[in-house]
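Welcome! Let us take a walk through this structure together, one stop at a time.

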Amino acid sequence: MITKMTGLLTRVLDDEVRLQIGAFEYQVMVSEAVRRQIQLRVGQEVAFHIMEYLEGNSVGSRFVPRRIGFITEAELEFFELFCTVEKIGVKKALKAMAFPIKTIADAISRQDSKWLSSLPGVGPTTAEQIVTTLKRKVTKFAMINSPTPAAETAAPDAVVEKKGKGSKKASEAEPPATEPLVTAADGQLIEDIYLALMGLGLNPIEARAKLDDLLMSGKPFRSLQDAFAIIFTPQKG
């Protein structure tokens, strides 16, 4: 049983990624939420917490081994818990996880069946079943703190040494000459943009398409306002 895989991320597709480990390239199935976390990390080393299962049907004799990957152990644990709901199999659970586990767990804790029914592949009846089965089991997931991007972990009052000038607070340091493009460290901003697009009434597929267009445009953005200005400005030519 494989529990963790670390390798070079070579491709990010709609519902799977390709991970290069030595001479082998592996297919790893991912949720939409995980896809958004890693789509800017192609060419970098990525570690996945893995769940394995056999995909097939009850009447066939051919089963295909599959691997599902998550960035954190908590995501994998929540996914396994989600799969315990009656009539929710592995594929349906993976499709439904289009939001961070904290967001989904919070909705379950609030018994918000209406919101849960908006998840991909989840209707009103299934949403009610999710609440009934998991409402007393998801508290710890609803209380998970959002991870802080590595680039932002420095304390705001961190001291920056300047040759011949003594010291200066980071907040007073001169800004870089050029504004960098959004990077993998801005995963929370990307998540906020996706959720904001959904809040405007776009379905998950439409929101993902807008987000992909934004990331492929090559234009810099450092805030939700910047991103929306790019997304909703008509392209010339």
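**A guided walk through the model**

Threonine 139 is a good place to begin, and you will find it in helix 7, which covers residues 139-142. Keep in mind as you look that this is a predicted model. Is threonine 139 buried, exposed or partly exposed? Its relative accessible area is 46%, and because buried means under 20% and exposed means over 50%, threonine 139 counts as partly exposed. Now look for isoleucine 108: in sequence it is 31 residues from threonine 139, yet their C-alpha atoms are 9.0 Å apart in space.

Let us step back to the whole chain. Ten helices and seven strands make it up. Of its 237 residues, 35% count as buried. The accessible surface amounts to about 14000 Å², and carbon and sulfur atoms hold 54% of that. Contacts tell us something about the fold too: among those with a separation of 6 or more, 54% link residues that are 24 or more positions apart.

Next, follow the strands. Strand 4 (residues 45-55) pairs with strand 1 (residues 4-12) in the antiparallel sense, through five bridges. Within this pairing you can spot glycine 7, which stands opposite valine 46 of strand 4. Strand 4 also runs antiparallel to strand 5 (residues 64-70), and here seven bridges join the two. For an example, find leucine 54, whose bridge partner in strand 5 is proline 65. As you trace these strands, it may help to know that in a regular strand the side chains alternate between the two faces of the sheet.

Just ahead of strand 4, the loop that follows helix 1 (32-38) holds glutamine 39. Why does glutamine 39 count as buried? Its relative accessibility is 13%, and the cut-off for buried is under 20%, so glutamine 39 falls on the buried side. Beyond its neighbours within four places in sequence, glutamine 39 is in contact with Val12, Ile190, Leu211, Asp212 and Leu215.

Our last stop is an open space, the second largest pocket, which holds about 470 Å³. Two or more lining residues come from each of strand 3 (24-29), strand 4, strand 5, helix 3 (90-96) and helix 9 (204-216). Which element gives the most to this lining? That is helix 3, with four residues. In total 21 residues line the second largest pocket, and those nearest its centre are Asp14, Asp15, Val30, Leu94 and Lys95. Sorted by class, the lining has eleven nonpolar, eight charged and two polar residues.

Terms used: Residues are numbered from 1 along each chain as its sequence is written. This is a predicted model: local features need pLDDT of at least 70, side-chain atom pairs count only at pLDDT 80 or more; totals for chains, interfaces and linings use all residues. Side-chain values use heavy atoms; hydrogens and water are left out. Two strands pair if DSSP finds at least two bridges between them. Buried means under 20% relative accessible area, exposed over 50%, partly exposed in between (1.4 Å probe, protein chains only). Contact means heavy atoms within 4.5 Å. Accessible areas come from the Shrake-Rupley method with a 1.4 Å probe; for residues, only the protein chains shown count as cover. On a 1 Å grid over the protein atoms alone, a cavity is a set of points where a 1.4 Å probe fits but cannot get out, and a pocket is an open set with protein on both sides within 12 Å along at least five of seven lines; lining residues have an atom within 4 Å of a point. Grid points are joined across faces, edges and corners, and a volume is the space filled by probe spheres set on the points. Ala, Val, Leu, Ile, Met, Phe, Trp, Tyr, Cys and Pro count as nonpolar, Asp, Glu, Lys and Arg as charged, and the others, Gly among them, as polar.
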